[in-house]
2 protein chains.
Amino acid sequence: MSKKIVTIKDVARLAGTSLGTVSNVINGSKTVKSENRERVIKAMEELEYIPNLTAQSLKTNKSKLIGLVLPTITNPFYPALAKGVEDMANRMGYTIILCNTDLDCEKEARYVEMLISNRAAGVILVKSSLPEESIEKYSKKIKITLIDSKPNFQGNIDLVETSNYEGLFKAVEYLGSLGHTRVAYITGNLRSKSDVERLNGYLQAVKNGKFLYREDYIKNGNFTIDGGYKLGSELLQMPEPPTAICCSNDLTAIGVIQAAKALNLRVPQDVSVAGFDDIDICKLVMPALTSIHQPKYDQGEKAARVLIEKINDENASIARNYILNTELKIRESTGICPK
Amino acid sequence: MSKKIVTIKDVARLAGTSLGTVSNVINGSKTVKSENRERVIKAMEELEYIPNLTAQSLKTNKSKLIGLVLPTITNPFYPALAKGVEDMANRMGYTIILCNTDLDCEKEARYVEMLISNRAAGVILVKSSLPEESIEKYSKKIKITLIDSKPNFQGNIDLVETSNYEGLFKAVEYLGSLGHTRVAYITGNLRSKSDVERLNGYLQAVKNGKFLYREDYIKNGNFTIDGGYKLGSELLQMPEPPTAICCSNDLTAIGVIQAAKALNLRVPQDVSVAGFDDIDICKLVMPALTSIHQPKYDQGEKAARVLIEKINDENASIARNYILNTELKIRESTGICPK
DNA sequence: ATTAATAAAATTAACGTTTCATTTAGTGAG
DNA sequence: CTCACTAAATGAAACGTTAATTTTATTAAT
């Protein structure tokens, strides 16, 4: 095997110059004669030199890597967001390391420590479920930007989020305008701020309007189709079932629709269903899913930009907070209240 | 800012020992007295020591990072595969760096070089569109495992693929058994072996059976919904349109179904549609999509295992080739031939 | 008790870079 | 043709580790 590694030293030898000069060429320093510069470049090409970023990072204590830590890569919401992060990061000269936590807090911590260990320049945590003190601790070792953070997080850390509260609020109001009074809600795992905010939006809307507030109209879900199916079944088989069900994300809503179908209920004639996120699938399922649109890609872009700006600007120490807007996308899964 | 970095040296000082001893503790060497070991461990905890993997990798010329380079993270097929890779890699002590090429060959090359630069131990290339000589070149610097490689690739490189040929063959045969004779096919970009194999499966099946072979029943797509929509429209508006359309992936098939709907054609009564990959969405769209199932997760797992085994076993130099089976999942989008 | 043997700890030289302090070469003015 | 000065190139130290070598401490055998 013995993959022989070409170093700056080999390049220097072939070019007939010192290592310092080669390094200067690589880093674009002005102080190297164009003749020598060319010789070095030629030597690099000839030897197929590839710089060793680990050595470089060790020496300079800088790197062009940023981590993106997210809950569930298989929920299409996250790839869309990840793409926004990746595109922006690439544009700004950074590479992302994508880490999938499976909503497992331990795994999330391990990933962040791995990123610190590998001296990544920063990390974007999406819907982090790390305890606040861990985030605080890690933030001393690596620049952090949060997307949809923990509830009540106060640290000096940038935050990008969407108007989750308003999103849910508007959805419930819209259902009210269709005549619904019995509107249920299925939450996520309530471990992220965004999820709590969505619940709050629901609660506020229900209390504001002419809705029936019942505790058993609120179910704790887990952001999955299966979860939605199970809880949707429960809700729809209550003695006084809701006529509309809002969900903390689209997968849950899809599960609810399946549950309705299994119970021979028509959507939206018998029951209305709304999701959150507006993933691409919404337009493809039957009936097409009414959903609260989040600017996934923009969110990713924004977070990447904010993080990298922080990385580049050594003295910027104020925490910034960006809120992007949601928008209700009305499709076929919601309709006027039956009866 | 000044994030102060705790090194092995600081730990040694606090523990009242030499760096060598600390290093031995970290690497679990047996030759350190349990009393000292404890002191070191305590010091590490107290200082919140996090090892510098760049330094370690520089010194040992090893790392626990592997790259996963794939075409389109937003196609749900890839996250499912990625999860298989990630789970297996984690289980074997490795971390993955996920890279998304957008089917851009330049970007793919940049990513591979980045991985080499960062001294990743290996890389899994999914449906690589790199020229063969590039792969050959890179394989001298980093261990490579291919998933669904370039056509005709012959290098000494492990390969994991699925029975693409048989998959398409069986699908066309099945359509034949439903009475279809005019079966069209929409390819992908034909830049990966898997895609070419699928086309070959189609061609062979058509030539074998009592099908009508027409060149204009074969369209070159691009693996996207939009592509499927456009080409599906074209096919369905031909003077003698096909009665069934097979697609190189599910997204394309979904596009075709949308095109059919837009033309007021019913699926499957007027036209049958089949996809490839069997992504989760297949069960959710209406009508549910008949598709050729690939063991995405298993494929990822297998590739990760093969790669890491190769990394760990320095002398293993024979290339291995694994073929996983496809399976036709019959759902609602295919039916008996009209008329 | 002395020596030989082994166990444990300490020391030091790398790994491939960058960077800073030097040295050498190059230029124009007097 | 020097001198002073600038430009360019060189050399060596350092980054945080590991691993090989050397030193010191401990144990066993005579």
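**Two protein chains and a DNA strand**

By class, the surface near DNA strand C has 7 nonpolar, 12 polar and 3 charged residues; here Ala, Val, Leu, Ile, Met, Phe, Trp, Tyr, Cys and Pro count as nonpolar, Asp, Glu, Lys and Arg as charged, and the others, Gly among them, as polar. This is a predicted model, in which local features need pLDDT of at least 70 and side-chain atom pairs count only at pLDDT 80 or more, while totals for chains, interfaces and linings use all residues. Residues are numbered from 1 along each chain as its sequence is written, chains are lettered from A and ligands numbered from 1 in the order in which they are written, and side-chain values use heavy atoms, with hydrogens and water left out.

**Around DNA strand C**

- DNA strand C is surrounded by 22 residues, and the closest are Ile8(A), Ser23(A), Tyr49(A), Ser18(B) and Asn36(B) (near means a heavy atom of the residue within 4 Å).
- Of the strand C atoms that come within 4 Å of the protein, 74% belong to sugar and phosphate.
- Ile8(A) places a backbone N or O atom 2.8 Å from a phosphate oxygen of the strand.
- Ser23(A) has a polar side-chain atom 2.7 Å from a phosphate oxygen of strand C, and for a side-chain N or O atom of Asn36(B) the distance to a phosphate oxygen is 2.2 Å.
- Helices H2 (19-26) and H4 (53-60) of chain A, along with H2 (19-26) and H4 of chain B, each supply at least two residues of this surface; helices are DSSP runs (H or I, at least four residues) and strands likewise (E, at least two), numbered from the N terminus.
- H4(A) gives the most, with 4 residues.

**Where chains A and B meet**

- Each side is listed here: 53 residues come from chain B and 53 residues from chain A (contact means heavy atoms within 4.5 Å).
- About 4800 Å² is buried between the two chains, with carbon and sulfur atoms giving 61%; buried area is the accessible area (1.4 Å probe) lost on being put together, summed over both parts.
- There are 4 salt bridges between the chains (a side-chain nitrogen of Lys or Arg within 4 Å of a carboxyl oxygen of Asp or Glu).
- Asp102(A) and Lys83(B) form a salt bridge through their side chains, at 3.0 Å from N to O.
- On chain B, the elements that each supply at least two residues to the side touching chain A are H4 (53-60), H5 (77-91), S2 (95-100), H6 (105-117) and H11 (250-262).
- That side of chain B has 26 nonpolar, 12 polar and 15 charged residues.

**Symmetry**

- A turn of 180° and a shift of 0.0 Å along the axis lay chain B on chain A with an RMSD of 0.1 Å (least squares on C-alpha atoms of residues with pLDDT of at least 70 in both).
- This is the relation of a two-fold axis.
- The copies meet through the same surface, because 100% of the interface residues of chain B are also interface residues in chain A.

Methods: Polar contact = N/O pair within 3.5 Å; in protein donor to acceptor, adjacent residues only side chain to side chain.
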